[in-house]
Each structure stands twice: as C-alpha cells, then as structure tokens.
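Let's take a walk through a protein fold, one piece at a time. Have a look at the structure below, and keep it in view while you read.

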Amino acid sequence: MLSHAPHFRARRRALLAAAGSTLLAGAANAATSAAALRAGAMRGDGAGALQLAQANNGFEPRRGQSGKDVIWVPTPDALTTRMLAMAQVRPEDYVVDLGSGDGKIVIAAAREFGARGLGIEYNPDMVALSERRAAAAGVAARAKFMRGDIFAADFSTATVVTMYLMPHLNLRLRHTLMAMKPGTRVVSHEFRMGDWQPDETSSIGSQSAHLWVVPANAGGEWSLRFAAADGGADPIIGSLWMEQSFQTVRGRADFKGLATSLREPRLVGERISFGFTDPSGRPRQFTGRVSERRIEGRVTGAGRDGEFIAERVGNTPSINGSGPVTQTEIYGG
Ligand SMILES: C[S@@+](CC[C@H](N)C(=O)[O-])C[C@H]1O[C@@H](n2cnc3c(N)ncnc32)[C@H](O)[C@@H]1O
C-alpha cells in the first residue's frame, strides 16, 4: 500500500495538472474565440462570418445578399477608418450610417473614435447581427442599431452621416442631407452626389470615398460694416451680395458707386472667407461664421485686424441645388 502511495499522489498531481491545463486551455480557447469573433467580425471575412453565424442564431450574412434598395457589401476596414478620419470624427459626434449592413462603420466610429452612433438597416437579421458585434466589440452602449428605411427614418440629429449605397439613392437623399445643420459631414463610399461636388475624395487602391460638408446659407443680400484699415473710428459701410450653389459662393461688395467682386470666396460648413480691395484701395481679407441672419468675424489686411459684421437684408433665398432632385435628374430621360 505504502509503496503505492507515491505513485498515487503523482497520478493525482498529474490529473489535477491535466484538469488545470484543460481549464486553462478552455479559458484560452474562449478568449481566442472571442478575439477571433471580434477580429473576424471586423474583417467581415468568411471565417468571421461563420463564427458570427454561430453566435447569431444561425443567420449567416452573405456578400451580395439582396437588401431593400441595394445589396449588402461591406466597406473594407481601411476605407471605413479613412471615411471616419475624413469626417474628423470626435467623441462628441453622432455618426449615422444609412444602410448599416453588419454595423461595421458605426462600431468602428465607437471603437476607434469614441463617438456615439446609430446604424439604420432594413434587414432585421443584420440589425441583430450588428448588435451582437457591437456587444462583442464592447461598444454596445455607444453603437446602436435600428431596423428602418433610410428614406423614412429621421437622422436629422446626426453630425456625421456615412453611406455606401448607389448613385440614384444618394441623389434621392441629397436634399435631406443639404437641409442638415451646417457643418454636418457626409461621407459616401464610392458614389457621388451628382452636381454637389465633394470637398475631398480619398482612394485606397481602387476604392474611394467622398466627403461633403453641409454648407450654411450665405446667399442673398447683406449689409456690411467693417473696421477701416487706417485705424479711424468710422467703420466702412457697404453691402454684400452672394450667390450660392451647393457650397460654392461668388459675389460682390458695393460701396456708394464702387462695386468689387469677392476674391476666392470659400464656404466650409458655417465658416466663410473672402477678400477684396476696400474703397481706400487696401487689400482686406474676411473670415467669419455664417448664421441664419448674421455673418460675424475678423477682417485683416494693411497691417490691421478688426471686426466685421454682415446682417441679412430681406428673405433668405434657397441654395441652388438644395431642393429635391427630379426623377429625370436621377434616372435620366
Ligand atoms: C452596400 S451595403 C453597405 C453596408 C455598410 N454601410 C457598409 O458600408 O459596410 C448597403 C446596406 O443597405 C441596406 N439597405 C438597402 N436599402 C435600404 C433601405 N431602404 N433602408 C435601410 N437599409 C437599406 C442593405 O440591406 C445593406 O445592408
């Protein structure tokens, strides 16, 4: 008996060690599975899709599966990150992806940029899958998903809108996007927005993304007052006329019989800049912010820096291009 004792103890130790290592292996496997699930989910590859299918009650998303208005094809990871970087997404942003598929853009906005987001997706299985992926990525509190139609859902509080749709769908959304708060950033994978020229286009390999910044409305007539360059107490008073198509502005300033065009007028969201030679012959540069009925900012040039204010005169004209796109423009004819 006694002679067996050392053998018995050794065997028990071996069994405990084996059990321990099995437990450790199990924990490691579980951790690996979770990591693989997250990595696969982020990659959107076949292995990831299979694991996700297992975690998603048997539903397995298929590239090219039909959707209400457009099929599902995920945006590649690198372009997803680039799209969010082009929009300069920050933690205070609210990112809405129109037709959110497996949720990757909203999840990346939360995970990589710390933002809140919402994915609007018509396919309920994809919504459930997105919610699982957000939970697996640890961002379920900030990355939300809803089943809905992008043409009926209200996403007006978004500060960043992303999409990967089709040209005619972008055009159908264009007037809704243009009516959003000035400064809202819109990023589209691959497809453009007709005559609304992008502010920036980036390509990674053969894939591209376009950025638009929703412009304020600077069109119409404004009374203009700005500090004189000679330091005199009296401001220079005139009027400003601007014509706006999408984010492109051009215009002139009028001063009692003198009219001058605006040099390099530029509008990005609510930020505006332009220049002209003032009535005393000095070059002046204006940079300001456009609100509903006021433009306020600084004027520089001729060694002086002062304030300028422009107040709207009369009604606000609508921005050229901001109305609903006609069927003919969308589908031709
Ligand atoms: C090309 S995928 C893009 C998915 C995701 N945004 C991405 O970039 O990875 C388009 C998605 O839009 C969804 N979709 C199509 N029509 C829709 C509609 N009217 N409302 C909501 N989602 C829609 C499809 O089911 C599909 O998941």
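Thr-80, Thr-81 and Leu-84 are the residues that helix H3 brings to its contact with helix H4. On the H4 side, they meet Lys-104, Ile-105, Ala-108, Ala-109, Glu-112 and Phe-113. Sort the residues of this contact by type and you get five nonpolar, two polar and two charged. Keep in mind that you're looking at a predicted model.

How do you describe two helices that pack together? You give the angle between their axes and the distance between the axes. For H3 (residues 77–86) and H4, the angle is about 65° and the axes are 10 Å apart. The crossing of these two helices is right-handed.

H4 turns up again around the ligand. The shell there has 24 residues, and the closest are Gly-67, Thr-75, Gly-99, Gly-101 and Tyr-164. Helix H4 (104–113) and strand E2 (116–121) are the elements that each give two or more residues to this shell. By type, the shell splits into eleven nonpolar, seven polar and six charged residues.

Now follow E2 into its sheet. This is an open sheet of seven strands with mixed pairing, in the order E3-E2-E1-E4-E5-E7-E6. At its edges sit E3 (143–147) and E6 (200–204), each pairing on one side only. E2 and E3 pair in parallel, over five bridges, and Gly-117 stands opposite Ala-143 in E3. Lying across both E2 and E3 is helix H5 (residues 124–136), which runs at about 170° to E3.

There's another open sheet, this one with nine strands and antiparallel pairing, in the order E11-E10-E9-E8-E16-E15-E14-E13-E12. Its edge strands are E11 (258–261) and E12 (263–268). E11 runs antiparallel to E10 (residues 248–255), and four bridges join the two. One pair to look for is Arg-252 with its bridge partner Ser-261 in E11.

Here are the two sheets side by side:

| Sheet order | Average turn between neighbouring strands |
|---|---|
| E3-E2-E1-E4-E5-E7-E6 | 20°, direction ignored |
| E11-E10-E9-E8-E16-E15-E14-E13-E12 | 25° |

Finally, zoom out. How many helices and strands does the protein have? Its secondary structure comes to seven helices and 16 strands. Of the 333 residues, 36% are buried. And if you take contacts between residues at least 6 apart in sequence, 56% of them join residues at least 24 apart.

How values were computed. Residues are numbered from 1 along each chain as its sequence is written. This is a predicted model: local features need pLDDT of at least 70, side-chain atom pairs count only at pLDDT 80 or more; totals for chains, interfaces and linings use all residues. A residue is near a molecule or strand if its C-beta atom, placed from the backbone, lies within 6 Å of it. Ala, Val, Leu, Ile, Met, Phe, Trp, Tyr, Cys and Pro count as nonpolar, Asp, Glu, Lys and Arg as charged, and the others, Gly among them, as polar. Axes are lines fitted to C-alpha atoms, for helices over the stretch in contact, and angles run from 0 to 180 degrees between N-to-C directions. A crossing is left-handed if the near helix is turned anticlockwise from the far one by less than a right angle, and right-handed if clockwise. Two residues are in contact if their C-beta atoms, placed from the backbone, lie within 7 Å. Two strands pair if DSSP finds at least two bridges between them. A residue is buried if 20 or more other C-beta atoms lie within 10 Å of its own, exposed if 12 or fewer, and partly exposed in between; C-beta atoms are placed from the backbone.
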